[in-house]
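Work through the exercises below with the sequence and the structure open. Try each task before reading its solution.

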Amino acid sequence: MATTCRQTGRSSIRRTAVMIFVTVGTAHYDPLIIAMDRYVRDGRIDDCVIAQIGRGRYEPSSFRYFRFISSLESAYKAADVIVSTGGAGTTMECVQKGLKLVVVENTSLMEGHQSQLIGEMARRGHLLWCRDLENLPMQINEAKETSFEPFVSDEPTAHLYILQMLKN
């Protein structure tokens, strides 16, 4: 049975239990929301789940959701694990904050352009890449126990390339 979550207003989510926050960003990805709804309904996920479903057509019945919010900051702070699609903004924001992140590539967008970023961040140990929605409950549990690598920006090198070009 799912635990309860409390949304305290349009822009604030307060944590009352282990919480999974699902976000699709400004797009939509119904396959992820449908899978989460089924997992919560079937008891494969028994944590509190709140989702930001964007422009999706599917509306879950097993957990609370909203379409958009002015800032996801309160959701990030309240969540134990964040499940997102592979949008660059959400991915980098969560990785830079050191949040526990499971990413499901939104394959409905631009021929899988997200896989390069997700793959590199997963290779560096900053997130878990869920390549099959059937594995999502297991990967959420894995994320709870994982200590992700802190994100450190690569040293900027563009200026070196420009200097080299000017010398030649």
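Five exercises with worked solutions follow.

The model is predicted: local features need pLDDT of at least 70, side-chain atom pairs count only at pLDDT 80 or more, and totals for chains, interfaces and linings use all residues. Residues are numbered from 1 along each chain as its sequence is written, and side-chain values use heavy atoms, with hydrogens and water left out.

**Exercise 1. The chain as a whole**

Task: State how many helices and strands the chain has, and the order in which they occur.

Solution. Step 1: apply the definition, in which helices (H or I, at least four residues) and strands (E, at least two) are DSSP runs, numbered from the N terminus. Step 2: count them, which gives 6 helices and 8 strands. Step 3: read from the N terminus on; the order is β-β-β-α-β-β-α-β-α-β-α-β-α-α. Step 4: add the buried share, where buried means under 20% relative accessible area, exposed over 50% and partly exposed in between (1.4 Å probe, protein chains only). Of the 168 residues in the chain, 43% are buried.

**Exercise 2. Strand β6**

Task: Decide whether strand β6 (residues 81-85) is largely enclosed or not, and find its neighbours.

Solution. Step 1: check burial; 5 of the 5 residues of β6 are buried, so the rest of the structure largely encloses this strand. Step 2: check each face. Val81, Val83 and Thr85 are buried on one side, and Ile82 and Ser84 on the other. Step 3: look for partners, given that two strands pair if DSSP finds at least two bridges between them. Strand β3 (residues 19-23) pairs with β6 in the parallel sense over 4 bridges, and Ile20 has Val81 as its bridge partner in β6. Strand β7 (residues 101-104) also pairs with β6 in the parallel sense over 4 bridges, and Ile82 has Leu101 as its bridge partner in β7.

Step 4: follow the chain from β6 through helix α3 (residues 88-97) to β7; this β-α-β crossover is right-handed. The term means that, with the strands pointing away from the viewer, the path from the first strand over the helix to the second runs clockwise.

**Exercise 3. Val81**

Task: Describe the setting of Val81.

Solution. Step 1: Val81 lies in strand β6. Step 2: Val81 has a relative accessible area of 0%, so it is buried. Step 3: the C-alpha atoms of Val81 and Val102 are separated by 7.4 Å, although these residues are 21 residues apart along the chain.

**Exercise 4. Helix α3**

Task: Which residues of α3 are buried, and which are exposed on the other side?

Solution. Step 1: the buried residues are Thr90, Thr91, Cys94 and Val95. Step 2: viewed down the helix axis, they fall within an arc of 120°, so they line one face of α3. The arc is that of the directions from the helix axis to the C-beta atoms. Step 3: Gly89 and Gln96 are exposed on the other side of α3.

**Exercise 5. Helix α5**

Task: Repeat the analysis for helix α5 (residues 136-145).

Solution. Step 1: the buried residues of α5 are Leu136, Pro137, Gln139, Ile140 and Ala143. Step 2: they cover an arc of only 165° around the axis, which puts them on the same side of α5. Step 3: the face turned away from the buried side of α5 carries the exposed residues Met138 and Glu145.
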